[in-house]
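Hi,

Here is the structure I promised to pass on. Have a look at it first, and then read on for what turned up.

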Amino acid sequence: MNRRIYVAALAALTLAACASAVVTSQPWTPTPETDGWTPVSASPRTVGLGLPGAAVLGQGVRFAGGVTVLAGMDSPLHSLSDLKLTGDGGFVSVSDVGDLARGTLALDRRGRLIGLEGLRVRRLSLTDGTPISQKMEGDAEALAITSGGDLLVSFERDHRIWNYGPLSALRTPQAVRRPDFPFPENDGMEGLAASGDGWRVAGESGGVWDCSAVRCAVVTTPLDTPLTEGDYRITGMDRDPAGGWFVVQRSYRAPVDVRARVRRMAQDGTLGPVLVELKLPGTTDNFEGIAAEKRGDRTRLYILSDDNFNAVQRTLMLAFDVR
């Protein structure tokens, strides 16, 4: 992904937060079965959407709480690039330096997101079993949990998709099919989601593919003309429990216009109307992760921002309910 975001814009983002309370995350206690996971501390702070009118919500969409994660700059809870739910009230994320992070979503009595608990991390490994140690090896940008329960992670720079096996028993990764397309070094497979018995891939600068163990079929072809910095780019994707997919898109225009959008994606790759739009002077940042689940008669969406290990950006998780 392209990270040319000016300090002036980032400082403005910090002013856009509407903080209300610090929620101390509950500790996670390792057990003999935790297989390499290490507890990590953080102080999630609840946030709103900022000044009225800055966030635009589509018909049938309502805000369902949010947090910003406060952690020291030496913490691995930075530069989180994607988000998926684990079906037990928990989530898993991946960073663009090669770390996995897990935790539990803390909800209040109304079901609104108010915190993150039980946070822990572990390093992803290479195919020889050694931990990832170089940025070129560990620039993870997306993850997916297949219908069979396997964890897939896509990387850029060295463009590939690796299967790490079940989240409960991660193993040495195996390469799986990825689109036969010459992605630019820092502009790769930002969207990854389950798709039937396979996985759907979306490129940051265009192109959608449906992949299986046998082949990757083109759904929409990449654009002939490269996207500009101000164009909306797909930076995250997850399966819609009702069918199709949800995507999060990011746009940046110098010096301070940073925006995010959430939309549906149809089977043929076309995008629907904007469901959520975030912009200044409201709460916004570099959103790259999205996760969806059925919750009552609505679909609950969570989106996650990548702070690029930058002290004036934030790791935000926001929740929305979609009718």
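I'll start with the enclosed space. Keep in mind that this is a predicted model. A search through the whole structure turns up 1 cavity of 30 Å³ or more. The largest cavity holds about 70 Å³ of space. Its lining is made up of Val69, Leu77, Leu80, Phe91, Ala101, Leu116, Leu119, Leu304, Thr315 and Met317. By class, that lining comes out as 9 nonpolar residues, 1 polar and no charged.

Two of those lining residues, Leu80 and Phe91, take us to a pair of strands. Leu80 falls in β6, which covers residues 80-85, and Phe91 falls in β7, which covers residues 90-95. In β6, 6 of the 6 residues are buried, so this strand is largely enclosed by the rest of the structure. β6 and β7 run antiparallel to each other, paired over 5 bridges. If you want a spot to look at, take leucine 85: its bridge partner in β7 is phenylalanine 91, and Phe91 is also one of the residues that line the cavity. The hairpin of β6 and β7 has 4 residues between the strands, and glycine 87 there has a positive phi near 85 degrees.

Now for the open space. The largest pocket has a volume of about 240 Å³. There are 19 residues in its lining, and Gly206, Gly207, Ile234, Gln249 and Leu271 are the ones nearest its centre. Two elements give two or more residues to that lining, namely β18 (233-239) and β20 (257-265). Which of the elements gives the most to the lining of the largest pocket? That would be β20, with 3 residues. The pocket lining splits into 7 nonpolar, 8 polar and 4 charged residues, whereas the cavity lining has no charged ones.

β20 is worth following a bit further, as it pairs with β19 and also with β21. With β19 (residues 245-253) the pairing is antiparallel and extends over 9 bridges. A hairpin of 3 residues links β19 to β20, and arginine 253 sits opposite aspartate 257 of β20. With β21 (residues 271-278), β20 again pairs in the antiparallel sense, this time over 5 bridges. In that pairing valine 262 is opposite valine 276 of β21. The hairpin of β20 and β21 has 5 residues between the strands, and glycine 269 in it takes a positive phi near 90 degrees. Both neighbours of β20 also tie back to the pocket: Gln249, in the 245-253 stretch of β19, and Leu271, in the 271-278 stretch of β21, are among the residues nearest the pocket centre.

Last, a sheet. It is an open one of 4 strands, in the order β14-β15-β16-β17, and the pairing is antiparallel. β14 (189-195) and β17 (216-220) are the edge strands with a single partner each, so one side of each has no neighbour in the sheet. On average, neighbouring strands here are turned by 25 degrees against each other, ignoring direction. Inside the sheet, β15 (residues 198-203) and β16 (residues 208-211) pair over 4 bridges, antiparallel, with alanine 202 opposite valine 208 of β16. Gly206 and Gly207, which are among the residues nearest the centre of the pocket, come between β15 and β16 in the sequence.

Cheers

Notes
Residues numbered from 1 in each chain as written. Predicted model: local features only at pLDDT ≥ 70, side-chain atom pairs only at ≥ 80, totals over all residues. Heavy atoms only, no water. 1 Å grid on protein atoms, 1.4 Å probe; cavity = no way out; pocket = protein on both sides within 12 Å on 5 of 7 lines; lining within 4 Å. Points joined across faces, edges and corners; volume = space filled by probe spheres on them. Nonpolar A, V, L, I, M, F, W, Y, C, P; charged D, E, K, R; others polar. Pairing = 2+ DSSP bridges. Axes fitted to C-alpha atoms, helices over the stretch in contact; angles between N-to-C directions. Buried < 20%, exposed > 50% of the residue type's maximum accessible area, 1.4 Å probe, protein only.
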